[in-house]
Amino acid sequence: MPTKNAPVNALLRGGLRKPDEHEVLTHVEDLDETFKLRVENRYDHFAPTDEFVRRGDSELRVFRYARHTYIAE
């Protein structure tokens, strides 16, 4: 999950119903592991890529949408 007040270090691209151009900036604890982001009743999973982009003074690791899973009730 994103951490408040942590520096942005990742760019998430794509999503279940979003075009590939959709981007979210966030903080990811482990840049080498798949990151999951809670969206309503599911988790969207984003896989790290070898790509990095520069936004302002920051270099961000690019993650691409990989799949989703639903939250167990």
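In what follows, Lys and Arg count as positive and Asp and Glu as negative, while His and the chain ends are left out of the count. With that in mind, let us walk through the structure above, which is a predicted model. The protein chain carries 12 positive and 14 negative side chains. If you take the centre of each set, the two centres lie 5 Å apart.

Let us turn to the overall build. The protein chain has five strands and zero helices. Reading from the N terminus, you meet the elements in the order β-β-β-β-β. The radius of gyration is 12 Å, close to the 11 Å that the globule rule gives for 73 residues, so the protein chain is as compact as a globular protein of that length. Along its principal axes, the C-alpha trace spans about 40 × 25 × 20 Å.

What share of the 73 residues counts as buried? The figure is 33%. A residue is called buried when its relative accessible area is under 20% and exposed when that value is over 50%, with partly exposed in between. Keep those cut-offs handy, as we will use them for single residues below. The accessible surface of the protein chain comes to about 5100 Å², and 46% of this surface belongs to carbon and sulfur atoms. We can also ask how the chain meets itself. Take the contacts between residues at least 6 apart in sequence: 45% of them join residues at least 24 apart.

Now back to the charges. Side chains of opposite charge can pair when their charged atoms come close. How many salt bridges does a search of the whole structure find? The search finds six, and we can visit some of them here.

Start with Arg-13 and Glu-23, whose side chains meet in a salt bridge with an N to O distance of 3.0 Å. Arg-13 lies in strand S1 (residues 10-13) and Glu-23 in strand S2 (residues 23-26), so this pair ties together parts that are 10 residues apart in sequence. Is Arg-13 buried or exposed? Arg-13 has a relative accessible area of 12%, so it is buried. Glu-23 has a value of 34%, which makes this residue partly exposed.

Glu-23 has another partner as well. Its side chain meets that of Arg-55 in a salt bridge of 2.9 Å, N to O. Here the link runs between distant parts of the chain, from Glu-23 in strand S2 to Arg-55 in strand S4 (residues 42-55), 32 residues apart. Arg-55 is partly exposed, at 35% relative accessibility.

A further salt bridge joins the side chains of Arg-61 and Asp-32, at 3.1 Å from N to O. Arg-61 sits in strand S5 (residues 58-70), and Asp-32 in the loop between S2 and strand S3 (35-39); the two are 29 residues apart, so to speak a link between distant parts of the chain. Arg-61 is buried, with a relative accessible area of 11%, whereas Asp-32 is exposed at 57%. Elsewhere, salt bridges that share partners join Arg-13, Glu-23, Glu-51, Arg-55 and Arg-64 into one network.

The loops deserve a visit too. Most residues other than glycine have a negative phi. Glu-40, however, has a phi near 55°, a positive value in a residue other than glycine. You will find Glu-40 in the loop between S3 and S4, where this residue is exposed with a relative accessible area of 67%. In the loop between S2 and S3 lies His-27, which counts as buried at 13% relative accessibility. The C-alpha atoms of His-27 and Val-39 are separated by 16 Å, with their places 12 residues apart along the chain.

Our last stop is Glu-59, in strand S5. At 55% relative accessibility, Glu-59 counts as exposed. Which residues does Glu-59 contact, leaving aside its neighbours within four places in sequence? They are Asn-9, Phe-52, Val-53 and Arg-54. Look at Asn-9 in particular: Glu-59 and Asn-9 are 50 residues apart in sequence, yet their C-alpha atoms are 6.9 Å apart in space.

Notes:
Residues numbered from 1 in each chain as written. Predicted model: local features only at pLDDT ≥ 70, side-chain atom pairs only at ≥ 80, totals over all residues. Heavy atoms only, no water. Helix = DSSP H or I, 4+ residues; strand = E, 2+ residues; numbered from the N terminus. Rg over C-alpha atoms; globule rule 2.2 N^0.38 Å. Buried < 20%, exposed > 50% of the residue type's maximum accessible area, 1.4 Å probe, protein only. Contact = heavy atoms within 4.5 Å. Areas by Shrake-Rupley, 256 points an atom, 1.4 Å probe, with all protein chains shown as cover. Charge placed at Lys NZ, Arg CZ, Asp CG, Glu CD. Salt bridge = Lys/Arg side-chain N within 4 Å of Asp/Glu carboxyl O.
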